Every structure is written in structure tokens, then in C-alpha cells.
Amino acid sequence: NGKLGNETWMDQEELITDLGPMYERAHEFVVAETILSNFNIYNGECLLEDWYHWGKEETGAHDDRVLIGRFDFNGLEVSYWSPGDLSSPLRVVLFRKFDF
């Protein structure tokens, strides 16, 4: 269901850092590929139907951050949001790093 909702982007980053070096914010390309692959593999199952992953990338305009989600019959929404604002549907997909 995503983590760290109703936090600013910077607060999310701080909380992710507090989890330790094994965790980081997943890149929006990875999240998008996961959502679309899951849809194709599992008979149209939609992930992130009612929330967004707040990604790593800046849009360049006012340092807004890319968001991706709300995947439903209308498709996958990609947009941006100001990193200083709060919104409950803006959550984080965490990526866990592995040492091999």
C-alpha cells in the first residue's frame, strides 16, 4: 500500500535514510515497469489504484518531483508534485538493496 503517506518529500527522504543503507526510494521507471508487467501477467490486476509513488526524479520546474500511480481503466497517471506539500495519496515504494 505504499509507505510514508502524508509526509513531505523531504520528510520521506529523512525517514527512508533512518531505515538504513539497505533501503532507498524506488525509481519511477522501475515502479512503472512493475505496474505494467503485473497487469499483463496477472489478468489485468492493477497495482497503485488509489495512490501514487513519489519518485526520485525532478521535473526541473520548481524542483517538483515525479509521481506515478492511480492505475485504473483510464491508464497509468504520470505527473508531478511540489516536494514541500503534503498529500495522503503520495507514498513511497521502497527498494531494498542486496549484497551479492
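**View 1. Tyr52 of strand 2 and its partner across the sheet.** In strand 3, Tyr52 has Gly69 as its bridge partner. This is a predicted model, so keep that in mind for each view that follows. The two strands in question are strand 2, residues 52–58, and strand 3, residues 65–72, and they run antiparallel with four bridges between them. Six residues sit between the strands in this hairpin, and Gly60 there takes a positive phi near 95°.

**View 2. The other neighbour of strand 2.** Here we look at strand 5, residues 90–91, which pairs with strand 2 in the parallel sense over two bridges. For His53, the bridge partner in strand 5 is Arg91.

**View 3. From strand 3 into strand 4.** Just two residues make up the hairpin connection from strand 3 to strand 4. The pairing of strand 3 with strand 4 is antiparallel and covers six bridges. One bridge to look for joins Asp72 to its partner Gly75 in strand 4.

**View 4. The whole sheet, strand by strand.** Put the pieces together and you get an open sheet of four strands, in the order 4-3-2-5, with mixed pairing. The edges belong to strand 4 (75–81) and strand 5; each has a single partner strand, so one side of each has no neighbour in the sheet.

**View 5. Two helices on the sheet.** Helix 1, residues 9–19, lies across strand 2, strand 3 and strand 5. Its direction makes an angle of about 90° with strand 2. Helix 2, residues 28–41, lies across strand 2, strand 3 and strand 4. Helix 2 runs at about 10° to strand 3.

**View 6. Glu24 and its two lysines.** Side chains of opposite charge can pair when their charged atoms come close. Lys56 and Glu24 make a salt bridge, with 3.1 Å between the closest N and O atoms. That pair ties together distant parts of the chain, with Lys56 in strand 2 and Glu24 in strand 1 (residues 23–25), 32 residues apart. Glu24 also meets Lys97 in a salt bridge, at 3.5 Å from N to O. This second link spans 73 residues, from Glu24 in strand 1 to Lys97 in the segment after strand 6 (94–96). How exposed are the three side chains? Lys56 is partly exposed at 32% relative accessible area, Glu24 is partly exposed at 25%, and Lys97 is partly exposed at 32%.

**View 7. Glu58 with Arg65, and the salt-bridge tally.** Glu58 and Arg65 form a salt bridge whose closest N and O atoms are 3.2 Å apart. Is Arg65 buried or exposed? Arg65 counts as buried, with 12% relative accessibility, while Glu58 is partly exposed at 42%. Elsewhere, Glu24, Lys56 and Lys97 are joined into one network by salt bridges that share partners. The model has four salt bridges in total.

**View 8. The largest nonpolar core.** In soluble globular proteins, nonpolar side chains tend to be buried together. Nine residues build the largest nonpolar core here: Ala26, Val31, Ala32, Ile35, Cys46, Leu48, Trp51, Ile68 and Phe71. Helix 2 and strand 3 are the elements that give two or more residues to this core. Which element gives the most? That would be helix 2, with three residues.

**View 9. Around Cys46, and a second core.** Leaving aside residues up to four places away in sequence, Cys46 touches Phe39, Phe71 and Asp72. There is also a second, separate core, made of five residues, among them Trp9, Trp54, Leu67 and Leu90.

Notes: Residues are numbered from 1 along each chain as its sequence is written. This is a predicted model: local features need pLDDT of at least 70, side-chain atom pairs count only at pLDDT 80 or more; totals for chains, interfaces and linings use all residues. Side-chain values use heavy atoms; hydrogens and water are left out. Two strands pair if DSSP finds at least two bridges between them. Buried means under 20% relative accessible area, exposed over 50%, partly exposed in between (1.4 Å probe, protein chains only). Contact means heavy atoms within 4.5 Å. Axes are lines fitted to C-alpha atoms, for helices over the stretch in contact, and angles run from 0 to 180 degrees between N-to-C directions. A nonpolar core is a set of buried Ala, Val, Leu, Ile, Met, Phe, Trp, Tyr and Cys residues joined through side-chain atoms within 4.5 Å.
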